[in-house]
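Work through the exercises below with the structure at hand. Each task is followed by a solution in steps.

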Amino acid sequence: MGFDKKKFWENKILAWEKDRYRLEDDESTVKTDSSHIAGSSLQFRFEKSAELLKPHLDGKKILDIGCGTGIFYNELQDTNLAHYYGVDFSENAISEGKKKIAGTEKEKKCSLFVGSIEDFDFPECDVVLALGVLEWLENDELETLFKKTYPRKFLFPIAEKRVSITRWIHSIYVFFSYGWKSQGYVPKYHTTDEIIKIAEAVGYRDIKIFRHPRLRFGTFLYYFD
Ligand SMILES: C[S@@+](CC[C@H](N)C(=O)[O-])C[C@H]1O[C@@H](n2cnc3c(N)ncnc32)[C@H](O)[C@@H]1O
C-alpha cells in the first residue's frame with residue numbers, strides 16, 4: 001500500500017495553519033510575524049495572493065483548492081465576491097472550517113467541500129486558487145488541475161526549483177521533521193517552465209510569473225487577462 005497522503009494532512013493541517021499563520025483566536029486572522037522562520041514567507045504569500053486576486057473578484061466566484069479550513073476566505077471580506085468555494089481532501093480541515101462559519105454572515109457566500117483534485121467536480125466559477133498545494137502534487141495531478149481549471153483565471157504559487165540557500169535549508173528541515181518517515185511525500189520543487197508546459201498543453205497562454213524576496217523560493221504563476 002502506498003503512503004496515505006490524506007491521512008498525513010488529516011493529522012497535520014489544523015496545527016500547520018495555527019502555527020504558520022500565528023492564529024490565536026476564533027477570528028482566524030493571519031498575523032505577519034517576520035521572526036517566525038517557517039511562517040513569515042507563507043504569511044506574505046497569503047497576503048500577496050489576496051492583493052493580486054482582489055482586483056479580479058468583483059462579483060466573481062472563486063474556487064480555493066486545498067483550502068484547509070477555508071481560512072483564505074477571511075482575507076476576501078472587503079471584496080464584492082459573489083461566492084467562495086473551498087475544497088480539501090482533509091475532512092478535519094473542512095469540518096473545522098464549517099464550524100467556524102456556521103450561523104454567521106460568512107456562511108451565505110461560502111461553501112466548503114471534502115474532495116480531491118481528481119474526484120471533485122469543479123463548480124461554475126471564474127477564478128481558481130491553489131495556495132501551498134502544487135508542490136504536493138504528482139505530475140498527473142498537476143495535469144488534472146490544469147485541465148479542470150482551463151480556461152479560468154488562476155493563481156497558483158509554486159515552490160520554485162532554483163539556486164537558493166533558503167530552499168536548501170527548507171529541504172533539510174523537511175527531511176528531518178517528517179520526510180524521513182513520509183515515504184517521499186514531501187514538497188516538490190518545480191521550475192516555472194515545467195509548470196507552464198503543463199498549463200500550455202491544455203491551452204493556456206501568456207502565464208505570468210511573480211517573484212518577491214519575501215516569498216523566498218516561492219513563486220506565483222498566474223493567469224488574469
Ligand atoms: C500546505 S496546506 C495549504 C492550505 C491552505 N491552502 C493555505 O495555504 O493556508 C496544503 C493543503 O492541500 C490539501 N491537499 C493536498 N493535496 C490535495 C489533493 N490532491 N486534493 C485536495 N486537497 C489536497 C491538504 O489537505 C492541505 O490542506
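**Exercise 1.** Decide whether Glu-118 is buried, partly exposed or exposed, then place it in the chain and name the surface patch it helps to form.

*Solution.* This is a predicted model.
Step 1: The relative accessible area of Glu-118 is 42%.
Step 2: Buried means under 20% and exposed means over 50%, with partly exposed in between. Glu-118 is therefore partly exposed, because its value is 42%.
Step 3: In the chain, Glu-118 sits in the loop that connects β3 (110-114) and β4 (127-129).
Step 4: A patch residue needs over 30% relative accessible area and no salt bridge. Glu-118 belongs to a negative surface patch, together with Asp-119, Asp-121, Asp-140 and Glu-143.

**Exercise 2.** Find where Gln-183 and Asp-206 lie, give the phi angle of each, and state whether they are buried or exposed.

*Solution.*
Step 1: Gln-183 is in the loop between α5 (165-179) and α6 (192-201). Asp-206 is in the loop between α6 and β6 (208-211).
Step 2: Phi of Gln-183 is near 50°, a positive value, and the residue is not a glycine. For Asp-206, also not a glycine, phi is positive at about 55°.
Step 3: With a relative accessible area of 61%, Gln-183 is exposed. Asp-206 has 62% and counts as exposed as well.

**Exercise 3.** Determine which form, cis or trans, the peptide bond from Tyr-150 to Pro-151 takes, and locate the proline.

*Solution.*
Step 1: Omega of this bond is near 5°.
Step 2: The bond from Tyr-150 to Pro-151 is cis.
Step 3: Pro-151 falls in the loop between α4 (139-149) and β5 (153-159).

**Exercise 4.** Count the helices and strands of the chain and write down their order.

*Solution.*
Step 1: The chain holds six helices and seven strands.
Step 2: Read from the N terminus, the order is α-α-β-β-α-β-β-α-β-α-α-β-β.

**Exercise 5.** Test the radius of gyration of the chain against the value for a compact globule, and add the spans and the buried share.

*Solution.*
Step 1: For 225 residues, a compact globule would have a radius of gyration near 17 Å.
Step 2: The chain has 17 Å, so the two values agree.
Step 3: The C-alpha trace spans about 45 × 40 × 40 Å along its principal axes.
Step 4: Of the 225 residues in the chain, 52% are buried.

Technical notes
Residues are numbered from 1 along each chain as its sequence is written. This is a predicted model: local features need pLDDT of at least 70, side-chain atom pairs count only at pLDDT 80 or more; totals for chains, interfaces and linings use all residues. Side-chain values use heavy atoms; hydrogens and water are left out. Patches are made of residues with over 30% relative accessible area and no salt bridge: like charges are joined within 9 Å, nonpolar side chains (Val, Leu, Ile, Met, Phe, Trp, Tyr) within 5 Å. Accessible areas come from the Shrake-Rupley method with a 1.4 Å probe; for residues, only the protein chains shown count as cover. A salt bridge is a side-chain nitrogen of Lys or Arg within 4 Å of a carboxyl oxygen of Asp or Glu. Lys and Arg count as positive and Asp and Glu as negative; His and the chain ends are not counted. The place of a charge is taken as NZ of Lys, CZ of Arg, CG of Asp or CD of Glu. Helices (H or I, at least four residues) and strands (E, at least two) are DSSP runs, numbered from the N terminus. Buried means under 20% relative accessible area, exposed over 50%, partly exposed in between (1.4 Å probe, protein chains only). The radius of gyration is taken over C-alpha atoms; the globule rule is 2.2 Å times the number of residues to the power 0.38.
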